[in-house]
Amino acid sequence: MSTLPKIAWIGLGIMGSPMSENLIKAGYDVTGFTLEQDKLDRLAAAGGTAAKSIAEAVKDADVVVTMVPASPQVEAIAYGPDGILENAKSGALIVDMSSITPQTSVDLAKNAKEKGIRVIDAPVSGGEAGAIEAVLSIMVGGEQADFDEAKPLLEALGKTIVLCGPHGSGQTVKAANQLIVAVNIQACAEAVVFLEKSGVDLTAALDVLNGGLAGSTVLTRKKDNFLNRDFKPGFRIDLHHKDMGIVTDAARNVGASLPVGAVVAQLVASLRAQGDGGLDHSALLRSVERLSGEKPAA
Ligand code: NAD
């Protein structure tokens, strides 16, 4: 009989599926719920238990991990008669790993407390590959004791796990992360088009660039996407659009000016408006191609 906490996992998408499987591999008993039947089947095949509802998934759980797209989905799974707060045990800990607005995390922690349920915000960086390899960076907001309780579980999912401050702080740091990643991808995309139009061997150029100060995890992880024009997500433009909205809004609230971030937010929005919202964020390359008079591959 496992002495590890019993886990409910809500949201088994690109990130949630491999992450929950890493918990199963680490010996945790995981019961999951998500909207797609094939993802529930995948969880069961990996050794977890597929639930028919959020209520069924969370009723016996010590820890409820959530990994859904954005604030409206977090509110939908948390609140209401069928939600987590009504159906989880008093004393349970919610670990919300979705990337959402800091205010939604603050409100969730406050509402959960009234039910005797604790919450930490624990968004992640590292993408699908980081989720599969269990090397995510996990930025946490909440109480020290709850962070300490969640840490062993988070160590089965990631490598760099840091308590950043009170509720919502993890989300604020994640917003900064998304700003840096978007600007970095845009710069790489501009370099790719510039190099190609200049007739330089792109593979050689990106290899040597990645060994110097211009190198980055973005370039390492996205190089093949650029080279092969492979924009299968990964991290969807739709989600990065959501995150650029979060960082722009949060920065405005504290009086921080993000001029380059604002431009890149517009480029992400424009890509989405052109029908590329379902592609990986490395598809920012397609915008640069269009701006440079090229026709992106279909
Ligand atoms: P996804 O769209 O692939 O998966 C989201 C999952 O949430 C889906 O399986 C869906 O069924 C589930 N869901 C939505 N509403 C639900 C509901 N009401 N009840 C139950 N399940 C519900 O998204 P993803 O790429 O896995 O991203 C999840 C979160 O992680 C987002 O906040 C995203 O910004 C963040 N994130 C993603 C990546 C990445 O590379 N994909 C990296 C870091 C962080």
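Of the 26 residues around the ligand, those that come nearest are Ile14, Glu36, Pro69, Arg236 and Lys242; a residue is counted here if one of its heavy atoms lies within 4 Å of the molecule. The model is predicted, so that local features need pLDDT of at least 70 and side-chain atom pairs count only at pLDDT 80 or more, while totals for chains, interfaces and linings use all residues. Residues are numbered from 1 along each chain as its sequence is written, and side-chain values use heavy atoms, with hydrogens and water left out.

Three helices, α4 (71–78), α7 (127–133) and α12 (237–254), each supply at least two residues of the shell around the ligand. Helices (H or I, at least four residues) and strands (E, at least two) are DSSP runs, numbered from the N terminus. The table lists polar contacts of the ligand, a polar contact being a pair of N or O atoms within 3.5 Å.

| Ligand atom | Protein partner | Distance |
|---|---|---|
| oxygen | Leu35, polar backbone atom | 3.0 Å |
| oxygen | Ser99, polar backbone atom | 3.0 Å |
| nitrogen | Gly234, polar backbone atom | 3.2 Å |

Taken alone, the ligand exposes 840 Å², of which the protein buries 91%; these areas come from the Shrake-Rupley method with a 1.4 Å probe.

The UniProt record, an unreviewed entry, assigns residues 6–165 to the domain "6-phosphogluconate dehydrogenase NADP-binding". This span is 42% helix and 24% strand, with its end C-alpha atoms 26 Å apart. The same kind of annotation, "3-hydroxyisobutyrate dehydrogenase-like NAD-binding", is placed by UniProt (unreviewed entry) at residues 168–286. Residues 168–286 are 76% helix and 0% strand, and the end C-alpha atoms lie 34 Å apart. Such annotations may be inferred rather than shown by experiment.

The largest nonpolar core has 31 residues, among which Trp9, Met19, Val95, Met97, Ile138 and Leu154 touch the most other members. A nonpolar core is a set of buried Ala, Val, Leu, Ile, Met, Phe, Trp, Tyr and Cys residues joined through side-chain atoms within 4.5 Å; buried means under 20% relative accessible area (1.4 Å probe, protein chains only). The elements giving two or more residues to this core include β1 (7–10), α1 (16–25) and α8 (144–155), and α8 gives the most, with four residues. A second, separate core of 30 residues includes Ala189, Val192, Ala205 and Leu267.

His281 lies in the loop between α13 (259–276) and α14 (284–291). His281 is buried, with a relative accessible area of 7%, and its side chain makes a polar contact of 2.9 Å with the side chain of His240.

Note on methods:
Buried means under 20% relative accessible area, exposed over 50%, partly exposed in between (1.4 Å probe, protein chains only). A polar contact is a pair of N or O atoms within 3.5 Å; within protein, one must be able to donate a hydrogen and the other to accept it, and residues adjacent in sequence count only if both atoms are side-chain atoms.
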